[in-house]
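Subject: Handing over the structure

Dear colleague,

I am passing on to you the structure that we spoke about, and I would be glad if you could open it alongside this message.

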Amino acid sequence: MTQRLPLAVAIMGPTASGKTAAALEIARHLPCEIISVDSALVYREMDIGTAKPSPEELAAVPHHLIDIIDPTEAYSAMQFRQDALRLTLEIAARGKLPLLVGGTMLYFKVLRDGLDELPQADPALRAQLDEEAARIGMPAMHARLATLDPVTAARLKPTDSQRIQRALEISLLTGQPMSSLLAQKPPEPLPFEMLPLALEPADRAVLHERIALRFDLMLRGGALEREVAALRARGDLHLGLPSMRCVGYRQMWEYLDGSIDATALREKGIAATRQLAKRQLTWLRSMPERISIDCNRLEATAEVLARVQQALAERRAG
């Protein structure tokens, strides 16, 4: 008889959808460990603005991939996949349930589908593309991409400079459209079974209210005066780093720079967080295998637990 692969539970959803609460509820009933799937929680010294679990929550159940790098460093989707695969199997070997919890949908996608074998960045070509973009503008670069890779160009906004230039770089290095290279690579099978649970709002307006409340609480909790002010005082951080481009941090940095006032800080911070939630929901809709749970319902956390318990019961019965 073939041994069944271990089970891992993915708890996905936009910001402020209750993912942490659902994971902690599972931890109260089942032996498990949490693997963070969040590109902001990897950074040390960034606690309030990232809504990092509290010290009490971190102590209640083992957490992984939180506070693992300095804000000056970068952490790639490739590194996440390697770490998440290793941790998931280690947790399962300990007889516990791995919970993959977070809202960085790119990480979930890379975990599920594997890594694309695309060429590494070419510094000389990238410098050439940077110079060209400065000279002719990003809309013209987008138009150039449309001639080389119309599929990729169609899904990118003309203002998405980073992705446009990466797609151009790949096309020029390989002589093939990036979309064709991505289509050639079959998904890599996971060494475990995934139960994909998605906390999604039936009414997005309710989520927007939660986002505004969370941003206000974050500001009242000292994210600006204590956290971002301390990060700026270090002297080795700037807005070009991935850490400082996290939602909320960029806007607080701009406020401390004096480029925006307090009203604009709140408006821009909430708007950026809502845009993040919109992108997260778009990613989720590309995962037809997910089990969607309305995060606005009071019973949402209990339903997540029930789904997990049902999956475990079915595995024992089978």
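Below is what was found in it, starting with the salt bridges and ending with one helix.

Please keep in mind as you read that this is a predicted model.

The structure holds 27 salt bridges, and I have picked out a few to look at in turn. In one of them, the side chains of Glu 33 and Arg 94 meet, with N and O 2.9 Å apart. This pair links distant parts of the chain, since Glu 33 sits in strand S2 (residues 32-36) while Arg 94 sits in the loop between helix H3 (77-93) and strand S4 (97-102), and the two are 61 residues apart. As for their surroundings, Glu 33 is buried, because its relative accessible area is 4% and buried means under 20%, whereas Arg 94, at 44%, counts as partly exposed.

A further salt bridge brings together the side chains of Glu 193 and Arg 315, at 3.0 Å from N to O. Here too the pair links distant parts of the chain, with Glu 193 in strand S5 (residues 193-200) and Arg 315 in helix H14 (residues 300-317), 122 residues apart. Glu 193 is partly exposed, with a relative accessible area of 26%.

Asp 257 and Arg 232 also form a salt bridge, in which the closest N and O atoms are 2.9 Å apart. Asp 257 belongs to helix H12 (residues 249-257) and Arg 232 to helix H11 (residues 223-234), so this pair ties together parts that lie 25 residues apart in sequence. Both partners are partly exposed, Asp 257 with a relative accessible area of 46% and Arg 232 with one of 27%. Elsewhere, Glu 45, Asp 70, Arg 234 and Asp 236 are joined into one network by salt bridges that share partners.

Let me turn now to helix H10. This helix (residues 204-220) has 17 residues and reaches 25 Å from its first C-alpha to its last, which is close to the 24 Å expected at 1.5 Å a residue. Its buried residues are Leu 207, Ile 211, Ala 212, Phe 215, Asp 216, Met 218 and Leu 219, and what covers them includes H11, H12 and helix H13 (262-285). In an α-helix there are 3.6 residues a turn, so residues three or four places apart point the same way; you may like to follow this along the list of buried positions. At the start of H10, a side-chain oxygen of Asp 203 comes to within 3.0 Å of the backbone nitrogen of Ala 205, and just after the helix, Gly 222 takes a positive phi of about 100 degrees.

With best wishes

Definitions and conventions: Residues numbered from 1 in each chain as written. Predicted model: local features only at pLDDT ≥ 70, side-chain atom pairs only at ≥ 80, totals over all residues. Heavy atoms only, no water. Salt bridge = Lys/Arg side-chain N within 4 Å of Asp/Glu carboxyl O. Helix = DSSP H or I, 4+ residues; strand = E, 2+ residues; numbered from the N terminus. Buried < 20%, exposed > 50% of the residue type's maximum accessible area, 1.4 Å probe, protein only. Expected span 1.5 Å × (residues − 1). Contact = heavy atoms within 4.5 Å. Polar contact = N/O pair within 3.5 Å; in protein donor to acceptor, adjacent residues only side chain to side chain.
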